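Work through the exercises below with the model open. Try each task before you read its solution.

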Amino acid sequence: MEKRVAIIGAGISGLLACKYTASNGYNPIVFEAQDKIGGLWNQTIETTRLQNVKEVFQFSDFPWPPSVGDMFPRSSQLVGYLQSYADNFELLPYIKFNSKVVSIDYVGVSDDEMLTWDSWGGGGGAFGSSSNGGKWILKVFDTQYESVQEYEAEFVIVCIGRFSGLPNIPEFPPESGPEIFSGKVLHSMDYSAMDNASAAELIKGKRIAVIGSGKSAVDIAFECANANGNKNPCTVIQRTIHWMLPDVQPWGVNFGYLCFNRFSELMVHKPGEGILSSIFATLLSPLRWVVTKFIESHIRRKLPLKKYDMIPKESFVQEASSCQIFFLPEKFYDKVEDKSIIFKKSNQFTFCKEGLILNGEENNPVKVDIVIFATGYKGDEKLKNIFSSPTFQTYIEGSPTSTIPLYRQMIHPKIPQLAIIGYSESLANLYTFEMRCKWLSFFLDGAFNLPSIKEMEKDIQEWDKYMKKYSGNGKFRRACIGGVHIWYNDQLCRDVGCNPRRKKGFFEDLFQPYGSADYVGLTPRL
């Protein structure tokens with residue numbers, strides 16, 4: 001019987017999963033809640049651009065068209081690029097649009113039987129052991145006709161992402177929250193979902209406060225400043241300051257040579273490393289500090305961080321290792337200099353009728369008309385809620401003091417016949433998602449089996465230690481592999497049986513930056 005593969009989501013990771021499973025001869029069915037592909041990139045504000053230069057953020061077998069000349073393409077250009085990718089590889093026939101997966105349930109095997117397994121799924125392969133009759137039941141809500149239908153699959157690939165769907169909104173004591181505010185309150189998700197004309201009408205002539213310190217907060221503030229100038233400045237209220245990059249070449253040196261080659265990873269203690277690697281990381285740790293200060297000095301030279309008290313507490317490399325760095329919109333600090341954007345720090349805030357009270361200063365409220373929460377998403381909860389089984393919900397949630405327990409950042413050791421592609425982050429997500437989908441395609445094809453459950457759990461613990469050691473601001477739950485992405489790809493290559501050394505010579509392999517083009521044509525060694 002043909003094995004059925006279901007994919008949840010048609011964003012970047014979902015399209016990649018579809019392409020690589022289809023190329024292996026499967027007939028995947030992709031469920032997409034929206035009426036088009038692109039995922040969260042369909043709901044971004046007009047000024048949002050990629051956080052990578054386009055040569056880094058591109059499919060290994062489908063380059064950007066020459067018509068896109070921008071170094072950092074706009075969101076609309078990216079959506080067009082994704083559409084061209086889907087058209088080129090004929091992916092659209094596999095996709096069911098307006099189809100929201102509300103729950104998935106694993107049936108055919110009891111919880112008690114699964115507890116007896118030493119190997120993933122009872123056999124270590126993608127579809128479990130030959131005696132395992134387990135399968136997934138997906139309940140799918142048709143958003144057009146408001147009906148629910150059930151589908152079956154032997155393997156499920158979850159590509160729902162973590163930065164959409166379930167907004168993270170702070171909780172407030174009674175009579176201190178948005179209910180007492182006379183203006184309008186919304187989340188960045190709602191603002192980003194507006195069409196450009198509606199968003200422009202909403203913010204025009206308004207005093208706006210943006211709560212948050214990440215990329216969404218900066219982009220929204222910049223858009224508000226462009227619309228209103230210093231007559232109605234945008235106030236950005238932050239608790240944690242992040243490193244914001246003005247360009248891609250610190251002191252004229254490409255970032256790739258500083259942070260994205262094998263030599264840079266020699267300076268880091270890596271999960272599961274051997275004695276020699278550990279010695280190198282210890283001896284080179286002073287050089288890692290030098291690289292960090294080299295990059296930070298460039299940023300401080302280019303941006304008036306000290307003047308506006310915007311110097312982060314964490315080092316640049318720590319923030320990069322937790323995927324918290326981002327590029328500023330061009331001429332962003334010009335808006336700060338002319339007071340169109342005003343930064344305020346606050347460890348706590350509450351609402352009042354006129355606006356916001358920062359750090360308990362009731363006599364000096366920030367008077368605003370609109371408050372926009374750019375406070376992120378509840379990605380962990382969103383992932384947990386898709387499972388019907390309370391047992392699987394507990395498994396996937398893990399402990400709040402550790403990372404989400406995923407082997408190779410994709411596979412939970414105790415949840416069979418399922419992979420999660422878009423949860424763990426990197427500094428170039430498309431590149432990372434494509435590597436994972438290539439790995440998964442080999443796994444589905446039977447090229448290798450997973451190690452025992454105990455071995456997978458041991459590996460997960462090693463990655464948990466790494467992320468806690470190097471993540472800035474305690475953000476280890478983001479499961480960012482940005483500081484060791486080559487080491488991570490080496491592991492995927494070894495699983496498949498491919499040579500992880502993708503460059504031609506020793507020095508080139510050590511010092512040249514790695515990218516998606518280096519992994520074109522992965523084939524197992526004979």
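**Exercise 1. A residue in a loop**

Decide whether E146 is buried or exposed, and say where E146 sits.

Solution. This is a predicted model. Start with the area: E146 has a relative accessible area of 64%. Exposed means over 50%, so E146 is exposed. Next, the place: E146 lies in the loop between β5 (135–142) and β6 (147–153). Last, the backbone: phi of E146 is positive, near 55°, and E146 is not a glycine.

**Exercise 2. A second loop residue**

Run the steps again for K339: is K339 buried or exposed?

Solution. The relative accessible area of K339 is 56%. That is over the 50% cut-off, so K339 is exposed. The loop that holds K339 runs between α11 (332–337) and β13 (341–345). Phi of K339 is near 65°, again a positive value in a residue other than glycine.

**Exercise 3. Check a helix length**

Test whether the span of α14 (residues 429–444) agrees with a rise of 1.5 Å a residue.

Solution. Count the residues: α14 has 16. The expected span uses one less than the number of residues. That gives 22 Å for α14. The end C-alpha atoms of α14 are 22 Å apart, so the two values agree. Now look at the cover: 15 of the 16 residues of α14 are buried. Then step past the helix: just after α14, G446 takes a positive phi of about 80°.

**Exercise 4. Find the covered residues of a helix**

Which residues of α2 (residues 75–88) are buried, and what helps to cover them?

Solution. Check the length of α2 first: 14 residues reach 20 Å from first C-alpha to last, close to the 20 Å expected. The buried residues are S75, Q77, L78, Y81, L82, Y85 and A86. Use the helix repeat to read that list. An α-helix has 3.6 residues a turn, so residues three or four places apart point the same way. The cover over the buried residues of α2 includes α1 (12–23). After α2 comes E90, with a positive phi near 55°.

**Exercise 5. Judge the whole chain**

Decide how the chain compares with a globular protein of its length.

Solution. Take the inventory: 17 helices and 18 strands. The radius of gyration is 24 Å, close to the 24 Å that the globule rule gives for 526 residues, so the chain is as compact as a globular protein of that length. The C-alpha trace spans about 70 × 60 × 45 Å along its principal axes. Buried residues make up 53% of the chain.

Note on methods. Residues numbered from 1 in each chain as written. Predicted model: local features only at pLDDT ≥ 70, side-chain atom pairs only at ≥ 80, totals over all residues. Heavy atoms only, no water. Helix = DSSP H or I, 4+ residues; strand = E, 2+ residues; numbered from the N terminus. Buried < 20%, exposed > 50% of the residue type's maximum accessible area, 1.4 Å probe, protein only. Rg over C-alpha atoms; globule rule 2.2 N^0.38 Å. Contact = heavy atoms within 4.5 Å.
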